[in-house]
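Please look over the sequence and the structure shown below, and keep both at hand while reading. The report begins with the ligand and then turns to strands, sheets and one residue in a helix.

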Amino acid sequence: MIPYGHQQLDGADVKAVLKVLKSDWLTTGPKISEFEKALSEYCGAGYAVVFSSGTAALHAAYFAAGLKKGDEFITSPLTFAATANAGLYLRAKPVFADIEWETGNISPKEVERKITRRTKAIVAVDYAGLPAKLSELGKIAKRHKLFLIEDAAHALGASYRGRKIGGISDLTAFSFHPVKSITTGEGGAVLTNRRDFYEKMLAFRHHGIASDARMRFLGFNYRLSDIHSALGISQLKKLGSFIKKRREIARRYREAFKDIPDLILHRETPGAKSSWHLYPIRLSGKLAGRRQEIFEKLRASGIGVQVHYLPVYRHPYYEKLGYKKGLCPQAEKFSESEISLPIFPSLTFKEQAFVVKILINHVARMA
Ligand SMILES: *Cc1c(COP(=O)(O)O)cnc(C)c1O
């Protein structure tokens, strides 16, 4: 099966990990701050704090922003459940604002409609690696005195108006899961320019114990080990070449599918450069309503396609909380028509040509 995403590791990565395994520090050693420094420099942000997962990073970012019981945060439904779950951990309420059909990213207009007295933060998701409308969202946040938080799990290496993702929003969370831009196995990070957020997150990751060894609040063990951090440092050096390969794959898909009617391709928007975490296609016109069929045919041919995503509030758990179908019609339509094709740095030209051939064959037969 050709997966939709896959890590790329080499000898240098293995060597970096082995070196830590033979050292005195498996965790809470020098590799952690070295990884954090490299991340903050890459992203052009003041501070980075690494965590044991992207979900832990989101939890910490929301905690730093002060999200608590009774607060609301406005986010996109077209995302992995963790974006909303991390707010539930703090007893805050996720409020879903619909997306823009063209990009799958949250609509600033819809965000503005959902602001109430209880809103504390806007959480934008850079869907597929394409930055959300951060400038518009930032202005709305400022006007209403809200924090702008980015779930940039897809978007390490992406940029917006000439700036790297990670240095723009109040808090930006990344994931280093194997399918993401770089991997540490499990892992994540939050970037910020605010020293108070930085210190709060350092304590949050370590039981709520601050640098003076006093526990100030109830935190967690969300530490990343030196073993993971060493892998992250090694991977980060290759991020540029990984993104370049992803861009090349996206370009080839676009070229191969450009004349197929009713196939909507994902495109970059002015000022936003994608990290191409996903290559989403959408079926419209004559192909509308045939997603399941095409999805199953691709799977049967050995192509590990996926759907990103079921709108978060359509999960049974969220339905039990009271969220109803029809809440965000654009996100539902997007979800029902979407298929993610394989895209990752080590996808070969031959594998991609196979994906293209199989998809074109099935679609041609349906026209
Ligand atoms: C991967 C992902 C996460 C969670 O990251 P983990 O490292 O798996 O905890 C959160 N949000 C989005 C959008 C993701 O894709």
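Around the ligand there are 15 residues, and the closest of them are Gly54, Thr55, Asp151, Ser175 and Lys180; a residue is counted here if one of its heavy atoms lies within 4 Å of the molecule. This is a predicted model, in which local features need pLDDT of at least 70 and side-chain atom pairs count only at pLDDT 80 or more, while totals for chains, interfaces and linings use all residues. Residues are numbered from 1 along each chain as its sequence is written, and side-chain values use heavy atoms, with hydrogens and water left out.

The table lists polar contacts of the ligand, where a polar contact is a pair of N or O atoms within 3.5 Å; within protein, one atom must be able to donate a hydrogen and the other to accept it, and residues adjacent in sequence count only if both atoms are side-chain atoms.

| Ligand atom | Protein partner | Distance |
|---|---|---|
| oxygen | polar backbone atom of glycine 54 | 2.8 Å |
| nitrogen | N or O atom in the side chain of aspartate 151 | 2.8 Å |
| oxygen | N or O atom in the side chain of histidine 154 | 2.9 Å |

On its own the ligand has 380 Å² of accessible area, and the protein covers 92% of that, with areas taken from the Shrake-Rupley method with a 1.4 Å probe and, for residues, only the protein chains shown counting as cover.

The next topic is the strands. Helices (H or I, at least four residues) and strands (E, at least two) are DSSP runs numbered from the N terminus, and two strands pair if DSSP finds at least two bridges between them. Strand 3 (residues 72-75) runs parallel to strand 4 (residues 93-96), to which 4 bridges join it, and threonine 75 stands opposite phenylalanine 96 in strand 4. From strand 3, Glu72 and Ile74 point one way and Phe73 and Thr75 the other, and all are buried, meaning under 20% relative accessible area, whereas exposed means over 50% and partly exposed lies in between (1.4 Å probe, protein chains only).

One open sheet has 3 strands in the order 8-7-12, with antiparallel pairing. Its edge strands are strand 8 (163-164) and strand 12 (272-273), each of which pairs on one side only. Strand 7 (residues 159-160) is joined to strand 12 by 2 bridges, and tyrosine 160 stands opposite alanine 272 in strand 12.

Another open sheet, also antiparallel, has 3 strands in the order 11-13-15. Strand 11 (263-265) and strand 15 (338-341) each have a single partner strand, so one side of each is left without a neighbour in the sheet. Strand 13 (residues 279-283) and strand 15 are joined by 4 bridges; across this pairing, arginine 282 stands opposite glutamate 338 and isoleucine 281 opposite isoleucine 339. Both faces of strand 15 are covered, since Glu338 and Ser340 on one side and Ile339 and Leu341 on the other are all buried.

Finally, aspartate 13 lies in helix 1 (residues 11-21) and is buried, with a relative accessible area of 1%. Its side chain makes polar contacts with the side chain of serine 234 at 2.6 Å and with the side chain of lysine 238 at 2.7 Å.
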